[in-house]
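Hi,

I am passing a structure over to you, since you have not met it before. Please have it open while you read the notes underneath.

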Amino acid sequence: PLQVPPPQAPGPAAAAAGQQIYLQVSSPSNPQWAQGLAQDLRTAGMRATVLAPTTADEMYRVVIGPYASRDEAEAIGRTLGMPYWIFTRDSTRGAQ
């Protein structure tokens, strides 16, 4: 596989106060499916959880983390072998 060096950044992009940074790996509408995927990821040694929708038009979010910085999340994301998105959430909402 092609080895591409990571982009050089001025420093780690730390989470803002009151924010949590996650890797989102799925956004299903079925809560049982979301919980099953999160359990599979935990079995593989990842800190996976399901974030419940906060509005009627949101889906469940299967996430890994939280991470201290976007850089840390990106580094883990590159090792997953699956699509992911960086998701930032207000820490006062919590995870389920």
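Below is a short tour, going from the sheet to the helices, the core and a few side chains.

One thing to keep in mind from the start: this is a predicted model.

**The sheet**

A good place to begin is the open sheet, whose 4 strands come in the order β2-β3-β1-β4 with antiparallel pairing. The edge positions belong to β2 (48–51) and β4 (85–90); each has a single partner strand, so one side of each is left without a neighbour in the sheet. On average, neighbouring strands here are turned by 45° against each other, direction ignored.

You can walk through the sheet pair by pair. β2 and β3 (residues 61–67) run antiparallel and are joined by 4 bridges, and L51 has R61 of β3 opposite it. Next, β3 is joined to β1 by 4 bridges, again antiparallel; here Q24 stands opposite V63 in β3. Finally, β1 and β4 are paired over 6 bridges in the antiparallel sense, with D90 in β4 as the bridge partner of Q19.

How much of β1 is buried? Of its 8 residues, 6 are buried, so this strand is mostly covered.

**The helices**

Two helices lie across these strands. Helix α1 (residues 31–43) lies across β1 (19–26), β2 and β3, and runs at about 160° to β2. Helix α2 (residues 70–77) lies across β1, β3 and β4, and its angle to β1 is about 20°.

**The core**

The largest nonpolar core has 14 residues, and those touching the most other members are L23, V25, L41, V62 and I64. Two or more residues come from each of β1, α1, β2 and β3. Which element gives the most? That is α1, with 4 residues.

Two of these core members are worth a click. Leaving aside neighbours within four places in sequence, V25 is in contact with L37, L41, V62, I64, L80, M82, P83, Y84 and W85. I64 is found in strand β3, and it counts as buried because its relative accessibility is 1%, where buried means under 20%. Not counting residues up to four places away in sequence, I64 touches Y22, L23, V25, L41, M46, R47, A48 and L80. One of these, A48, is 16 residues from I64 in sequence, yet their C-alpha atoms are 4.2 Å apart.

**Other side chains to look at**

S26 lies in strand β1 and is buried, with a relative accessible area of 12%. Beyond the residues up to four places away in sequence, S26 touches W33, L37, Y60, R61, V62 and W85.

How many aromatic pairs are there? The count is 1: Y22 and F87 form a tilted pair, 6.5 Å centre to centre, with 35° between the planes. This pair links distant parts of the chain, with Y22 in strand β1 and F87 in strand β4, 65 residues apart. Are its two members buried or exposed? Y22 is buried at 2% relative accessible area, and F87 is buried too, at 14%.

Last on the tour is R47, whose charged end sits over the ring of Y67, 4.9 Å from the ring centre.

Enjoy exploring it!

Best wishes

Terms used
Residues are numbered from 1 along each chain as its sequence is written. This is a predicted model: local features need pLDDT of at least 70, side-chain atom pairs count only at pLDDT 80 or more; totals for chains, interfaces and linings use all residues. Side-chain values use heavy atoms; hydrogens and water are left out. Two strands pair if DSSP finds at least two bridges between them. Axes are lines fitted to C-alpha atoms, for helices over the stretch in contact, and angles run from 0 to 180 degrees between N-to-C directions. Contact means heavy atoms within 4.5 Å. Buried means under 20% relative accessible area, exposed over 50%, partly exposed in between (1.4 Å probe, protein chains only). A nonpolar core is a set of buried Ala, Val, Leu, Ile, Met, Phe, Trp, Tyr and Cys residues joined through side-chain atoms within 4.5 Å. Rings of Phe, Tyr and Trp (its six-membered ring) pair if their centres lie within 6.5 Å; planes under 30 degrees apart count as stacked, over 60 as edge-to-face and the rest as tilted. A charge sits over a ring if NZ of Lys or CZ of Arg is within 6 Å of the ring centre and within 35 degrees of the ring normal.
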